[in-house]
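Good morning, colleagues. Please look at the sequence and the model as they appear, and I shall then take you through the spaces and the packing.

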Amino acid sequence: MLHVASFFDGALAEYYLGRVLEDKKISMHRFNTIEELLTLAQRFSLDLIYMGSARPDKEPMTRILDMARRIKSHTYLAIIPTVLFQPAPEDNTLTAAYENGVEEFFSEAIPSHIAKVKTAMLIGRAFRDLSVNPSSRLPGPAIIEKEIERQIELTQEFAVCYADLDNFKAFNDYYGYYFGDRVIKMTARIIKDVVFDLCREGFVGHIGGDDFIFIIPSDKVPSICENIIRTYDAMIQYRYHNDDRKRGTIVTQNRRGEMETFGIMTLSIAVVINKGKMFGHVGEMSHMLADLKKYAKSLKGSTYVIERRKKY
């Protein structure tokens with residue numbers, strides 16, 4: 001099932017998209033503003049953004065180009081492939097679209113069967129993009145770093161939260177990678193849903209494995225972290241078989257190759273708050289987060305810890 005966000009100005013633009021995706025199972029989500037598109041992107045894993053105008057005059061296309069520019073300058077929306085359509089675009093319109101980061105621009109001069117192939121390749125490339133984690137479909141390390149740098153440059157107070165699963169390797173070894181991946185996807189969904197439900201302007205990224213980053217205003221740390229932990233603790237137990245869940249433990253080899261008993265996986269969240277020019281670059285914040293995460297993981301149960309020390 002493909003999730004497509006669309007903005008149409010005229011029936012021809014909608015008809016053309018229908019021809020391009022006629023052999024695909026799609027869920028169409030309409031939007032009229034960037035704010036509506038952002039809400040859709042937070043709610044669904046969008047595969048494509050399609051904007052089209054059936055009219056040859058400049059006014060509707062000017063609005064679409066402006067929306068495209070804003071989409072591609074937004075950290076979270078920029079990773080979604082964006083396609084524009086106009087029956088007979090002028091050269092300067094095409095130039096402006098591609099300069100603003102639009103991946104494809106279709107017109108009546110491009111047969112729909114060619115557009116089909118291009119669109120399939122476009123979506124395929126997006127799935128393979130190293131900037132997006134293939135399991136969670138969340139922005140990866142490169143985009144996380146870019147977003148933290150952007151926040152630091154704004155010199156505003158914000159919190160970077162580093163979430164990590166405790167005893168994940170033991171679970172993965174015991175049940176296998178398939179079930180381990182399902183836990184990763186579940187955790188990603190919990191963090192994503194809670195953050196975006198309580199903080200529209202939040203950011204969620206996936207470093208890799210069982211490590212996640214979310215960036216939120218500092219005053220929202222308690223409510224968001226507590227809700228993430230509460231939801232995670234309620235759901236994670238059902239990823240275990242009945243006998244293991246009732247016992248509350250599994251027995252498998254540890255990193256030294258010795259048999260060890262491990263409890264139900266918990267979630268540790270390390271929180272570092274940037275105030276003004278406290279941090280000059282991502283590396284400083286990353287070092288403090290890594291150190292704090294070790295402490296958070298040493299505590300019993302799912303928990304979050306806020307760094308109270310000054311930068312070192």
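**Pockets, a cavity and packing**

I begin with the second largest pocket, which holds about 270 Å³ of space. A pocket is an open set of points, on a 1 Å grid over the protein atoms alone, with protein on both sides within 12 Å along at least five of seven lines; a cavity is a set of points where a 1.4 Å probe fits but cannot get out; and lining residues have an atom within 4 Å of a point. Grid points are joined across faces, edges and corners, and a volume is the space filled by probe spheres set on the points.

Before going further, I should say that this is a predicted model, in which local features need pLDDT of at least 70 and side-chain atom pairs count only at pLDDT 80 or more, while totals for chains, interfaces and linings use all residues. Residues are numbered from 1 along each chain as its sequence is written, and side-chain values use heavy atoms, with hydrogens and water left out.

Which residues lie closest to the centre of the second largest pocket? They are Asn167, Phe168, Lys169, Ala170 and Arg255, out of 15 that line this pocket. Strand 6 (158-166), helix 7 (168-175) and strand 10 (259-263) each give two or more residues to that lining, and helix 7 gives the most, with four. Helices (H or I, at least four residues) and strands (E, at least two) are DSSP runs, numbered from the N terminus. By class, the lining has four nonpolar, three polar and eight charged residues. Here Ala, Val, Leu, Ile, Met, Phe, Trp, Tyr, Cys and Pro count as nonpolar, Asp, Glu, Lys and Arg as charged, and the others, Gly among them, as polar.

Helix 7 also packs against helix 8 (residues 177-198), at an angle of about 140° and with the axes 6 Å apart. Axes are lines fitted to C-alpha atoms, for helices over the stretch in contact, and angles run from 0 to 180 degrees between N-to-C directions. Helix 7 is therefore oblique to helix 8; angles under 35 degrees count as roughly parallel, over 145 as roughly antiparallel, 65 to 115 as roughly perpendicular and the rest as oblique. Helix 7 brings Phe168, Phe171, Asn172 and Tyr175 to this contact, and helix 8 brings Tyr177, Phe179, Gly180, Val183 and Ile184. Contact means heavy atoms within 4.5 Å. Of these residues, seven are nonpolar, two polar and none charged.

The largest pocket holds about 360 Å³. Its lining numbers 21 residues, with Glu147, Arg150, Gln151, Glu201 and Gly202 nearest the centre. Helix 6 (141-154) is among the elements that supply at least two residues, and helix 6 gives the most, with four. Nine of the lining residues are nonpolar, seven polar and five charged.

How many cavities of 30 Å³ or more does a search of the whole structure find? The search finds one, with about 210 Å³ of space. Of its 17 lining residues, Ser45, Leu46, Ile79, Ile80 and Arg137 are the closest to the centre. The lining comprises twelve nonpolar, two polar and three charged residues.

Finally, I turn to an open sheet of five strands, paired in parallel in the order 2-1-3-4-5. Two strands pair if DSSP finds at least two bridges between them. Strand 2 (26-30) and strand 5 (104-106) stand at the edges with a single partner strand each, so one side of each has no neighbour in the sheet.
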